[in-house]
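Subject: Structure handover

Hello,

Here is the structure for you to look through. My notes follow below it.

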Amino acid sequence: MKSAFAFLLLAATLTARAQQASPSQGPASPMPQDKTQSTPRLNPAVSARAEYLTERMTRDLRLNGYQASRMRDINNDKIAKLAAAEHLYAKDPDMLDKQSKAISHERDAEVQAVLSTDQYTDYFDARKRYAQADHDYAHNASASLLVNSVQNPVPARANDAVIRPSTPARSAGGTNTRPASPGRSTR
C-alpha cells in the first residue's frame, strides 16, 4: 500500500514538474477580467475565505510560522484564481471543473515545496475535505452577505442617504397632506 502511494506521489510530482518545464505550451494566458468588478485579490470575501482555509490547514497539519505564512500566500493566490473562475464560468460547470482541477494541481505543486513529507501526505489525504470546507465557507459567506445587505442596506449616495419607504408628512393645520395646486386657494 505504501509503495503504491509513493509511486502515485512520484508520478504526480513528475507530471507537475514536466508541465512546468514544458516549453511547447508557452506562457499561460491570463484569464480575462471584467474591469467593472473588483479584483479578487482585493476582495475581502476572497481574503476571508483564504484565511479560513489557512487557519484550518495550519491547525490540521501543525504548520510552523514560516509554513503558515507561505500557505497563506498560496491560498490567497489560489482562492483568488478560483473565485475568478467561479465568476467567469458560473454558467459552464464543465469548464469550471476543469479550471478548478488545474488550480488544485498548481496548489499541490506549491504546497509540496513548503511542507515536509509527512505533512504533505496528510495534506494530500485531506485535499477533498479542504476543498469541501472551502466550498461550504464560500457558500455560507455569500448567503450571509446577501442577508446582511438586505437587512442593512448600504447608503445609495455619498451623503449617507438610505432609500426607505416614504411616509406622508402631516400638515400642521389638519389631515390634508396634498400640496396646494397653483391657482387654487386652500381656504
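A residue is called buried when its relative accessible area is under 20%, exposed when it is over 50%, and partly exposed in between. By that scale Asn64 is partly exposed, because its relative accessible area is 42%. Please keep in mind throughout that this is a predicted model.

Overall make-up

The chain has 5 helices and 0 strands, so read from the N terminus the order of elements is simply α-α-α-α-α. Of its 187 residues, 21% are buried. The accessible surface is about 14200 Å², and carbon and sulfur atoms account for 55% of that. Among contacts between residues at least 6 apart in sequence, 63% join residues at least 24 apart.

The loop between α2 and α3

Asn64 sits in the loop that runs between α2 and α3. Its C-alpha atom is 9.8 Å from that of Leu115, with the two positions 51 residues apart in sequence terms. Arg62 belongs to this loop between α2 (44-61) and α3 as well. Arg62 counts as exposed because its relative accessibility is 71%, and the cut-off for that class is over 50%.

Arg62 also has a backbone feature to check by eye. Its phi is near 55 degrees, which is a positive value in a residue that is not glycine. Most residues other than glycine have a negative phi.

Helix α2 and what lies across from it

Two residues of helix α2 are listed here, Ala45 and Leu61. Ala45 counts as partly exposed, with 34% relative accessibility. Its C-alpha atom lies 8.2 Å from that of Ala138, although the two are 93 residues apart along the chain.

Leu61 has a relative accessibility of 6%, and therefore counts as buried. Leaving aside residues up to four places away in sequence, Leu61 touches Leu115, Gln119, Asp122, Tyr123 and Tyr130. The C-alpha atoms of Leu61 and Thr121 are 9.8 Å apart, for a separation of 60 residues along the chain.

How α3 and α4 pack

Helix α3 covers residues 65-88 and helix α4 covers residues 93-114. The two pack at an angle of about 170 degrees, and their axes are 10 Å apart. That angle makes α3 roughly antiparallel to α4, because angles over 145 degrees are put in that class.

On the α3 side, the residues in contact are Gln67, Arg70, Met71, Ile74, Asn75, Lys78, Ile79, Lys81, Leu82, Ala85 and Glu86. On the α4 side they are Leu96, Gln99, Ser100, Ile103, Glu106, Arg107, Glu110, Val111 and Val114. By type, the residues of this contact divide into 9 nonpolar, 4 polar and 7 charged.

Which residues does Lys78 touch, not counting those up to four places away in sequence? They are Ile103, Glu106, Arg107 and Glu110. Lys78 lies in helix α3, and it is buried because its relative accessible area is 1%.

Aromatic pairs

A search of the whole structure gives 4 aromatic pairs. In one of them, the ring centres of Tyr120 and Phe124 are 6.0 Å apart and the ring planes are at 40 degrees, so this pair is tilted. Tyr120 and Phe124 are 4 residues apart in helix α5 (residues 117-151), so about one helical turn separates them. Tyr120 is buried, with a relative accessible area of 6%. Phe124 is buried too, with a relative accessible area of 17%.

The pair formed by Tyr123 and Tyr130 has ring centres 6.2 Å apart and planes at 20 degrees, so it is stacked. Tyr123 and Tyr130 are both buried. Ring pairs link Tyr120, Tyr123, Phe124 and Tyr130 into a cluster. Two members of that cluster, Tyr123 and Tyr130, are among the residues that Leu61 touches.

Where to look

To follow these notes on screen, three views will do. One is the contact between α3 and α4, with Lys78 among its residues. Another is the ring cluster that includes Tyr120 and Phe124. The remaining view is the loop between α2 and α3, where Arg62 is found.

Regards

Terms used: Residues are numbered from 1 along each chain as its sequence is written. This is a predicted model: local features need pLDDT of at least 70, side-chain atom pairs count only at pLDDT 80 or more; totals for chains, interfaces and linings use all residues. Side-chain values use heavy atoms; hydrogens and water are left out. Axes are lines fitted to C-alpha atoms, for helices over the stretch in contact, and angles run from 0 to 180 degrees between N-to-C directions. Angles under 35 degrees count as roughly parallel, over 145 as roughly antiparallel, 65 to 115 as roughly perpendicular and the rest as oblique. Contact means heavy atoms within 4.5 Å. Ala, Val, Leu, Ile, Met, Phe, Trp, Tyr, Cys and Pro count as nonpolar, Asp, Glu, Lys and Arg as charged, and the others, Gly among them, as polar. Buried means under 20% relative accessible area, exposed over 50%, partly exposed in between (1.4 Å probe, protein chains only). Accessible areas come from the Shrake-Rupley method with a 1.4 Å probe; for residues, only the protein chains shown count as cover. Rings of Phe, Tyr and Trp (its six-membered ring) pair if their centres lie within 6.5 Å; planes under 30 degrees apart count as stacked, over 60 as edge-to-face and the rest as tilted.
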